[in-house]
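Below are some comments for a colleague who has the coordinates open and would like a guide to the interior of the fold. They are best read with the structure in view.

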Amino acid sequence: MHNLNGVDVLGLHYLNGRPENYKLDQQFWKYTYSTSADRIIQTLVDNDFISLKPNVRQSLSNLTVAQLKEILRENDLKVSGNKPDLIERVIEELPHEKLEEKLKKIWTPTDKGKKLVEETDFIKFAHNKINHLVSINDIYRLYLENLSLDSKDILIKAIENKIKFRGNIENYVNIPYALLELSRVCNEYR
C-alpha cells in the first residue's frame, strides 16, 4: 500500500494544518516511538502524503483585522466589514499567486494524505488513550489488515488481541485495566 507505519500516520495527524515552523518536538517521538521528527516528515513528504504550501484561507484567518485591512488598502479595495467579510473580499478580489507570496506555508495533506487522515481518526485517540496497552504500529497494522472495520472495532480488536497474546504467555492480572480501556474506546466512539 505505502511505506508508512503507525507512528508516521500519527505524525501526519499532528502536522495537518500546522504552520511551517511547527515542530514535532514532543518527547514521545524519541522516547516512546524511538524515532525523530525529521524522519517522520521526510517519510510523509517522500511518499506524497503532505507538503508545505500556502493555504490562503487558513493563513488569512490567522491575520488580524488590521492586517487584512492593510492588504485591502494596498490594493485599493473596500476595508469595511467584519473579519469573515474581509477574508472573503481578499480571496475574491486578489490573485492567489500574489497572496501566496506573502502568506506563511502550512503543512497540508495531499489528496491521499487527506484520505488517510479521515480513515485513521483512531490513531490520535489510540496514542492519547491506549498507547501504553497496544502500540500505534500494531493498531495501524491491524487497520491495514482489516480495512472493512470501523475505528471502534479496530481499537477493540487491538485490545482483545493484546489480552489474548498476554494471556497465552503469562497470567494476565491486568484484565480489569484492559476492560477499562475497552470501555474508553466504546465511550469515545459511542
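The points that follow take up the cores, two helices, one loop residue and a pocket in turn.

1. The model is a predicted one, and the comments should be read with that in mind. Its largest nonpolar core has 40 residues, of which L15, L24, W29, L44, I139 and L155 touch the most other members. At least two residues of this core come from each of helix 1 (6-15), helix 2 (27-31), helix 3 (37-46), helix 8 (111-119), helix 9 (122-130), helix 10 (136-145) and helix 11 (151-169). Another core, of 13 residues, lies apart from it and includes V56, L60, L63 and L68.

2. L24 deserves a closer look, being one of the residues that touch the most other members of the largest core. Once its neighbours within four places in sequence are set aside, L24 is in contact with Y14, L15, W29, A37, I40 and I41.

3. Helix 3 has A37, I40, I41, T43 and L44 as its buried residues. These lie on the same side of the helix, because the arc they cover around the axis is only 160°. The face turned away from that buried side carries D38 and D46, which are exposed, while the cover over the buried residues includes helix 1, helix 2, strand 1 (50-54) and strand 2. After helix 3 comes D48, with a positive phi near 60°.

4. In helix 8 the buried residues are G113, L116 and V117. Their arc around the axis is only 100°, which puts them on the same side of helix 8. They pack against helix 1, strand 2 (105-109) and helix 10, whereas D111 and E118, on the other side of the helix, are exposed.

5. Is N75, in the loop between helix 5 and helix 6 (83-93), buried or exposed? N75 counts as buried because its relative accessibility is 19%, and buried means under 20%. Not counting residues up to four places away in sequence, N75 touches L94 and K98.

6. The largest pocket holds about 240 Å³ of space, and its lining consists of P19, N21, S59, N62, L63, Q67, E70, I71, K102, L103, K104 and I106. By character, the lining residues divide into 5 nonpolar, 4 polar and 3 charged. Helix 5 (residues 65-74) gives the most to this lining, with 3 residues. One of the lining residues, L63, is also among the members of the 13-residue core described in the opening point.

How values were computed. Residues numbered from 1 in each chain as written. Predicted model: local features only at pLDDT ≥ 70, side-chain atom pairs only at ≥ 80, totals over all residues. Heavy atoms only, no water. 1 Å grid on protein atoms, 1.4 Å probe; cavity = no way out; pocket = protein on both sides within 12 Å on 5 of 7 lines; lining within 4 Å. Points joined across faces, edges and corners; volume = space filled by probe spheres on them. Helix = DSSP H or I, 4+ residues; strand = E, 2+ residues; numbered from the N terminus. Nonpolar A, V, L, I, M, F, W, Y, C, P; charged D, E, K, R; others polar. Core = buried A, V, L, I, M, F, W, Y, C linked by side-chain atoms within 4.5 Å. Buried < 20%, exposed > 50% of the residue type's maximum accessible area, 1.4 Å probe, protein only. Contact = heavy atoms within 4.5 Å. Arc of directions from axis to C-beta.
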